Amino acid sequence: MEQITITSPHMDYFANEAYKALRTNLGFCGKDKKAIIITSFSPAEGKSTTIINLAKTLTENGQKVLIVDGDLRKSSLIAKLKATGANKGLSHYLSRQASLEEVIYSTNIANLDIIFSGPVPPNPAELLEADLFSMTLTSLKDYYDYILIDAPPVGSVIDAAVIAKSGDGIVLVVESGSISYKDEQEVKKQLEKTNCPILGVILNKVKQSGKGYYQKYGEYGQK
Ligand SMILES: Nc1ncnc2c1ncn2[C@@H]1O[C@H](COP(=O)(O)OP(=O)(O)OP(=O)(O)O)[C@@H](O)[C@H]1O
Ligand SMILES: [Mg+2]
């Protein structure tokens, strides 16, 4: 396994507290909830940011975490983490062009490993649907406490629903004020079809009044 250096975004006090609360809540979902899919209805609601911060918070608690960039159509983690030197990714592995050992990178953050998405394949949904993906997740669960999977938005492509079939639970990121009730119901309906339980919803990018000093679970950051 090769090691790469990543730079994660800075978290302020409130964000830190909110992620600790999220970590605690995840713990209460049960020990069998290991492969967690993070998705949203539309792009840019904060999935990747959530994954990175949650992963860091979990590792600080001594948990061993693997991040999987499951957005095979538009990888963003490699740029977001300023990771250089990671040449192989999930698309290589799922198309049998690389071994698991070659696509898992350890990082400068203790207990945090990452699989990046790799080059855009012609058949993303097909690769994610194949048994190799779900079988690999199952075997990785023996080694990691959590596998956090960054999935594309549900409103755009089928991939998140496909990935969810192989996961233990879904966490939905909702950008405050960005989607309608109708769209929220639609995303819920689509995800329920996968039989993968929705563990919770994170309300992201909540505007702060400036007066409060405490944030509710799920609310973090300032826009
Ligand atoms: N709580 C927050 N407060 C302020 N800015 C945020 C917050 N969460 C995310 N952002 C910003 O919003 C933008 C989108 O975030 P991010 O890339 O995590 O979303 P995404 O859902 O992964 O997007 P995509 O669908 O393109 O993969 C980024 O510029 C990020 O820095
Ligand atoms: Mg993203």
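Q: What is a pocket, as the word is used here?
A: A pocket is an open set of grid points with protein on both sides within 12 Å along at least five of seven lines. This structure is a predicted model, and its second largest pocket has a volume of about 190 Å³.

Q: Which residues line the second largest pocket?
A: Arg23, Gly27, Gly30, Lys31, Lys33, Lys34, Leu58, Asn61, Gln63, Asp145 and Tyr146. They earn their place on that list because each has an atom within 4 Å of a pocket point.

Q: How do you sort the lining of the second largest pocket into nonpolar, polar and charged?
A: Go by residue type: the lining splits into 5 charged, 4 polar and 2 nonpolar residues. Leu58 and Tyr146 go in the nonpolar group, while Gly27 and Gly30 land among the polar ones because Gly is counted there.

Q: What makes the length of H1 fit a helix?
A: Helix H1 covers residues 13–28, which is 16 residues. At 1.5 Å a residue you'd expect 22 Å, and the distance from the first C-alpha to the last is 23 Å, close to that value.

Q: Which residues of H1 are buried?
A: Ala15, Ala18, Tyr19, Leu22, Arg23 and Leu26. The label fits because buried means under 20% relative accessible area.

Q: How do you know that the buried residues of H1 line one face?
A: Look down the helix axis: those residues fall within an arc of 145°, so they sit along one face of H1. On the other side, Tyr13 and Phe28 are exposed. Helix H2 and strands S2, S6, S7 and S8 are among what covers the buried residues.

Q: How do you know that the span of H2 agrees with what its residues should give?
A: Its 14 residues should span 20 Å at 1.5 Å a residue, and the end C-alpha atoms are 20 Å apart, so the two agree.

Q: What makes H2 "mostly covered"?
A: Count the buried residues: 12 of the 14 in H2 qualify. Among them are Ile51, Ile52, Leu54 and Leu58, and also Lys47 and Lys56. Just after H2 comes Gly62, with a positive phi of about 85°.

Q: Is Ala44 buried or exposed?
A: Exposed: its relative accessible area is 56%, and the cut-off is over 50%. Ala44 sits in the loop between S2 and H2. Its phi is near 65°, a positive value in a residue other than glycine.

Q: Why is Asn111 called partly exposed?
A: Its relative accessibility is 31%, which falls between the 20% and 50% cut-offs, so "partly exposed" is the right label. You'll find Asn111 in the loop between strands S4 and S5, with a positive phi near 70°.

Q: How many cavities of 30 Å³ or more are there?
A: There are 2. A cavity gets its name because a 1.4 Å probe fits inside but cannot get out. The largest cavity has a volume of about 60 Å³.

Q: Which elements give two or more residues to the lining of the largest cavity?
A: Strand S3, helix H4 and helix H7. H7 gives the largest share, 4 residues. The lining includes Leu66, Val68, Leu90, Tyr93 and Phe133.

Q: What is the lining of the largest cavity like by class?
A: There are 9 nonpolar residues, 1 polar and no charged ones. The polar one is Thr136, because Thr is not on the nonpolar or charged lists.

How values were computed: Residues numbered from 1 in each chain as written. Chains lettered and ligands numbered in written order. Predicted model: local features only at pLDDT ≥ 70, side-chain atom pairs only at ≥ 80, totals over all residues. Heavy atoms only, no water. 1 Å grid on protein atoms, 1.4 Å probe; cavity = no way out; pocket = protein on both sides within 12 Å on 5 of 7 lines; lining within 4 Å. Points joined across faces, edges and corners; volume = space filled by probe spheres on them. Expected span 1.5 Å × (residues − 1). Buried < 20%, exposed > 50% of the residue type's maximum accessible area, 1.4 Å probe, protein only. Arc of directions from axis to C-beta. Contact = heavy atoms within 4.5 Å.
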